[in-house]
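User: Please give me a close look at the helix packing in one chain of this model. I would like a connected account that I can follow residue by residue.

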Amino acid sequence: MMERNERKPYWRHTKMQMLASLLPFVLAMIVLPLYAEALNEKRILGIPLGYFLACHGLAVIGFVTIAVFVNRQDAIDHWHGAHEDF
Amino acid sequence: MAITARTRLVNPRLGTYFGIFTAAFAALFVLALMFEQLGASDGLLRLLMFGGPIVLYAAIGLSSSATEARDFFACGRRVPAFFNGLVLGITALGGAGFLALTGSLFMIGFDAVCLSIAFYAGLVFMGVLFAPFVRKHGAYTLPTFLGRRFESRTVRIVAAAVLSVPILLLLAAEARFAAYAAAWLLGQSERLMAPLVVACAAGIVITGGMRSLTWSSVAQAIAALLALAVPATIIALMVSNLPLPQMTHGNVLRIVTRAEIVNGVPIVLAPPLAFDLPGAGIEPLIKRFVQSFGSVGSLSFVLMSFVAAAGIAASPTLLSRSGTTPGVYEARKSLGWAVLVSGVVLLTLPAIAVYLRAMLLEQVVGHAGDRLPMWFQLLQQAGIASVEAKAQTVRLSAIGFERDAALFALSIAAGFPQVIVYLALAGALAAAMAALAASLMAIASILSEDVVHGLSGETASEAARVGTARLALLGAAFVTIGLAIALPADPLQLFLWSLTLSAATSFPVLLLAIWVKRVNAWGALATMFTGLVVTIFMMLLGEAGAVDTSSALAGAVGLPLALAAGLVASRMTPAPERSALDTVREMRVPGGETLYDRELRLLRLKNRTQT
């Protein structure tokens, strides 16, 4: 169980982690589709780059975002002693 | 009960069980393939591919019955992260993802990617913003969670009423998709199949509630993934020698792009706020595949991906599933698996769309109207495709195609055995049934927990709670059948309305409940009320043509207004009670006992000392 005075730093840390996870992803969600047309000149694996980034790239970014979030948030939980005691 | 070894909670043989299911499903498919080669009748094959999987799901669902409330509403909290994520990913996609999204990608190419972005972005948002906290609280339904967080029965009842709206729309949409797949699978009319599929979905989950739902949905998810992978992988092997359609459709895409230029498909640019997804029924193909913003404008594209993502992130159907994991860490991890599963599916769908488009452009467009390939004539006879001018050479703009048929039309176009076509349909049916059953379960638990027993506290006996939920499930099934037959709208439109409404009601109130401590019951009521009213008003305006925005984008107006209303209303009213603040503080910390379970345990102790 976590100490009472750890609550505030724990929550501040958690909030920062939430922003650090979501902001880059949200930015990519806005930027990549909007500039897809301009990037379609180049190709990767034969697939136009803009389409590739908006479709495959965002999916990979999404998965990396959530994987990093799970890992980091778990580290934060352990750092502050807020983890589940299994 | 707080501290139990994780290994004791999770059944170690789950992998074996679902290995057996996968083998049985594959055997069924191979058996049907052999029967076809041996000359079995078409009716028998259809029945085998429709009935066989459903018997398997029903066997799983009926054998995992539940009598305790914890099992019935939260699957005993022992679903490992991987299985939970698998079900979440496929349930989020549902029939809309498998049938309508493939078709939309096929018809408008890049512009439909806004929906695929929304699916996995929604799951990312859910994992970061909501799922761990809802799991820590452990309430069986979202209205219970909100009622406990704001310590108000009014909030609980209002939330139950408001959140039912998106669930009902989702039910209608998924019932229509399931009926559509079943109708093609059995060769019957859609109206006839709607009661059948809803009855099957309800029958599978009625004995075990969430327990039956979880394990039968895992089976459905495996079936859906296999059914999607088989035709796409075979075609990928044929065109590129690599069994990875997600990565190797580039060369085919190049052929498609070149053929579109040769055939003079125009580059159209839609105004920023245009939102023109293909409707149900036969629609013309007018847009180049890779070109962006031809039917969905740039602003609409971004707005739609956010609104639909918010709708999925806060969907009451999906969020109630986070309560089934053994702990907060597993709840987070399950969302990671869900993003992976849905990501793999969402990368396969464009490959299918590209393959089908390439076949159409190479073998139909530019050929004489009276000498079209066999498969296209089959599609025409089935009413899936049409060509306007008969005599001259066929132009792409003259071809019409039915949106939801693209997924299984690929197998017809590639000249595969009929059983592979039925396999694709069975997979879409499985995904739609998983989503249908999840929504039925969500609305049944809301009806029983929050509407019937919500006013009396948690004093009802376990048997009464489970019994009421079963009755509610039956009632919800009848309502769904009625909605599926009565609502005339396009099922994709119903699905988008459901997402936009849940984005404007459920998303802001959950965001405030978890992330802003200062918000009180008045703020919650203001949020839900504003979100619902503004969104419905915008939807009506959009449908009537009074504003330029599509009704599916109404949530983009409702969401920020609802957030603002909630914050302002909370500021103007007294701060929440100390006990409510304690709930929020405890909810935010993963360690310690699940709040709802502790409450029930203390209540049981109190009742025991009284008697």
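Analyst: The account below follows the helices of chain B and then turns to the contact with chain A. The model is predicted.

A suitable starting point is helix 10 of chain B, which spans residues 210-240. Helix 10 of chain B contains 31 residues and extends 43 Å from its first C-alpha to its last, close to the 45 Å expected at 1.5 Å a residue. Burial is the rule along helix 10 of chain B, which is mostly covered, with 22 of its 31 residues buried. Beyond the end of helix 10 of chain B comes B:N241, with a positive phi near 65°.

One partner of this helix is helix 2 of chain B, residues 14-37. The axes of helix 2 and helix 10 of chain B come within 10 Å and cross at roughly 45°. Helix 2 of chain B and helix 10 of chain B are therefore oblique to each other, and their crossing is right-handed. On the side of helix 2 of chain B, the contact is made by B:F18, B:F21, B:T22 and B:F25. Facing them in helix 10 of chain B are B:V218, B:A219, B:I222, B:A223 and B:L226. The residues of this contact between helix 2 and helix 10 of chain B comprise eight nonpolar, one polar and no charged. The spacing of such residues follows a general pattern: an α-helix has 3.6 residues a turn, so residues three or four places apart point the same way.

A second pairing joins helix 8 (residues 153-186) and helix 9 (residues 190-205) of chain B, which pack at an angle of about 115° with their axes 8 Å apart. Helix 8 of chain B and helix 9 of chain B are therefore roughly perpendicular to each other, and helix 8 of chain B passes helix 9 of chain B in a right-handed crossing. Helix 8 of chain B contributes B:A175, B:A178, B:A179, B:Y180, B:A182, B:A183 and B:L186 to this contact. From helix 9 of chain B come B:E190, B:M193, B:A194, B:L196, B:V197 and B:V198. The residues where helix 8 and helix 9 of chain B meet divide into twelve nonpolar, no polar and one charged.

Helix 8 and helix 10 of chain B are also among the elements against which the buried residues of helix 17 of chain B pack; the others are helix 5, helix 15, helix 16 and helix 18 of chain B. Helix 17 of chain B covers residues 406-413, and eight of its eight residues are buried, so it is largely enclosed by the rest of the structure. Its buried residues include B:L407, B:F408, B:L410 and B:I412. Helix 17 of chain B is followed by B:G415, whose phi is positive, near 75°.

Another buried position is B:G566, in helix 22 (residues 555-572) of chain B. B:G566 counts as buried because it has 28 C-beta neighbours inside 10 Å. Leaving aside neighbours within four places in sequence, the contacts of B:G566 include B:P508, B:L512, B:V519, B:G523 and B:T527.

Finally, chain B meets chain A through 41 residues, in contact with 41 residues of chain A. Helix 6, helix 12, helix 13, helix 15 and helix 23 of chain B each give two or more residues to this side. Helix 15 of chain B gives the most, with twelve residues. The residues on the side of chain B that touches chain A divide into 24 nonpolar, eleven polar and six charged.

Key: Residues are numbered from 1 along each chain as its sequence is written. Chains are lettered from A and ligands numbered from 1 in the order in which they are written. This is a predicted model: local features need pLDDT of at least 70, side-chain atom pairs count only at pLDDT 80 or more; totals for chains, interfaces and linings use all residues. Axes are lines fitted to C-alpha atoms, for helices over the stretch in contact, and angles run from 0 to 180 degrees between N-to-C directions. Helices (H or I, at least four residues) and strands (E, at least two) are DSSP runs, numbered from the N terminus. Angles under 35 degrees count as roughly parallel, over 145 as roughly antiparallel, 65 to 115 as roughly perpendicular and the rest as oblique. A crossing is left-handed if the near helix is turned anticlockwise from the far one by less than a right angle, and right-handed if clockwise. Two residues are in contact if their C-beta atoms, placed from the backbone, lie within 7 Å. Ala, Val, Leu, Ile, Met, Phe, Trp, Tyr, Cys and Pro count as nonpolar, Asp, Glu, Lys and Arg as charged, and the others, Gly among them, as polar. The expected span of a helix is 1.5 Å times one less than its number of residues. A residue is buried if 20 or more other C-beta atoms lie within 10 Å of its own, exposed if 12 or fewer, and partly exposed in between; C-beta atoms are placed from the backbone.
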